[in-house]
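Thanks for sharing this one with me. Here are my notes, set out point by point so that you can follow along in the viewer.

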Amino acid sequence: MKRLSREQLAALVAADLPAGAVVNLGIGMPTLVTDRLDPARGVQLHSENGILGMRLLQAGEQADGDLINASKQPIALTEGAAIFDHVYSFSIMRGGHIDITVLGAFEVSCQGDLANWSLGANDPMPSVGGAMDLAVGAHEVWVMMETLTREGAARLRRCCTLPLTATAVVRRVYADIGIFDVRDGAFHPQALVAGLPASALEHWIDAPLVLSIEPRVLQTEY
């Protein structure tokens, strides 16, 4: 069984974002979504360093040293974009003006708890950044993540073992084995990679699972 690449996950997220939504993409894997958005659908990207309306640079475009996103990547502004200071940016995040935030995660619990900023006591430089503000301020929290740690432990769990970013906030998980909704204390598979039957999920997920629909099949070769 082949798992989804990060680029394939980004394409799935981009396709699911509603037209016209205001979206914040977290540092790391979620930034890959930027280049897979269809400009015609009018998704407005927010960056916590004070931008609304941006895209990544295209091939051959000259970078402007003053224009970067929260991941310090060079970006370009879209038509009608706005630039503002941190006070306004965090007011947008905390005030419920972000429709969806897409964040990376170390662990997600079946209650929707999110742990994405610290690997625990041995983490030399833990830093939560604006993740807490996004997690509690956005209307919906989606997560992009790998299903297992390097040691093979489940990241989708009954209870998180790492310091929490926020409780009961995650509504959907895009993982390398499929897409899961999070509700009613369980993970609900919506789509699974080809070759992975729902009956085998207990080997990947350490939490209650509810098969509320027949998951669609995600092809890993395309």
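The points below go through the cores, the first helix, the charged pairs, a small sheet, a lone glutamate and the cysteines.

1. A reminder before we start: this is a predicted model. Please read the distances and accessibilities below as values computed from that prediction.

2. Let's begin with the nonpolar interior. The largest nonpolar core has 59 residues, and Val108, Val173, Phe180 and Phe187 have the most contacts inside it. A second core, separate from that one, has five residues, including Val22, Phe84, Ile92 and Ala138.

3. Helix H1 is a good place to look next. Its buried residues are Gln8, Leu9, Ala10, Leu12, Val13 and Ala14. These pack against five strands: S5 (100-104), S8 (140-145), S10, S11 (178-183) and S13 (216-218).

4. How many salt bridges does the structure hold? There are eight. One of them joins the side chains of arginine 172 and aspartate 16, with an N to O distance of 3.9 Å. The two residues are 156 apart in the chain, and the bridge links strand S10 (residues 170-175), which holds arginine 172, to helix H1 (residues 6-16), which holds aspartate 16. Both ends are partly exposed: arginine 172 has a relative accessibility of 22%, and aspartate 16 has 31%. The pair also belongs to a network of salt bridges that links Asp16, Arg172, Asp181 and Arg183.

5. Two further charged pairs make a nice contrast. Glutamate 107 and arginine 157 form a salt bridge whose closest N and O atoms are 4.0 Å apart. Glutamate 107 sits in strand S6 (residues 107-109) and arginine 157 in strand S9 (residues 156-157), so this bridge ties together parts 50 residues apart in sequence. Both of these residues are buried. In the salt bridge between arginine 55 and glutamate 61, the closest N and O atoms are 2.9 Å apart; here arginine 55 is partly exposed at 26%, and glutamate 61 is partly exposed at 31%.

6. Strands S6 and S9 also meet in a sheet. Three strands make up this open sheet, in the order S7-S6-S9, with mixed pairing. S7 (114-115) and S9 are the edge strands; each has a single partner, so one side of each lacks a neighbour in the sheet. The S6 and S9 pairing is parallel and runs over two bridges. Arginine 157 in S9 stands opposite serine 109.

7. Glutamate 48 deserves a look of its own. You will find it in the loop between strand S2 (44-47) and strand S3 (51-56). Glutamate 48 is buried but has no salt bridge; lysine 72, the nearest side chain of opposite charge, is 9.1 Å away. Leaving aside residues up to four places away in sequence, glutamate 48 touches Asn24, Ala70, His86, Ser89, Phe90, Met93, Gly130 and Leu134.

8. Finally, the cysteines. The structure holds zero disulfides. Why is cysteine 110 not bonded to cysteine 159? Its closest cysteine sulfur, in cysteine 159, is 6.7 Å away, which is too far for a bond. Cysteine 160 is in no disulfide either, and the nearest cysteine sulfur, again that of cysteine 159, is 7.8 Å away. Cysteine 110 is buried, with a relative accessibility of 3%, and cysteine 160 is buried at 18%.

Terms used:
Residues numbered from 1 in each chain as written. Predicted model: local features only at pLDDT ≥ 70, side-chain atom pairs only at ≥ 80, totals over all residues. Heavy atoms only, no water. Core = buried A, V, L, I, M, F, W, Y, C linked by side-chain atoms within 4.5 Å. Buried < 20%, exposed > 50% of the residue type's maximum accessible area, 1.4 Å probe, protein only. Helix = DSSP H or I, 4+ residues; strand = E, 2+ residues; numbered from the N terminus. Pairing = 2+ DSSP bridges. Lys, Arg positive; Asp, Glu negative; His and termini not counted. Contact = heavy atoms within 4.5 Å. Disulfide = S-S within 2.5 Å.
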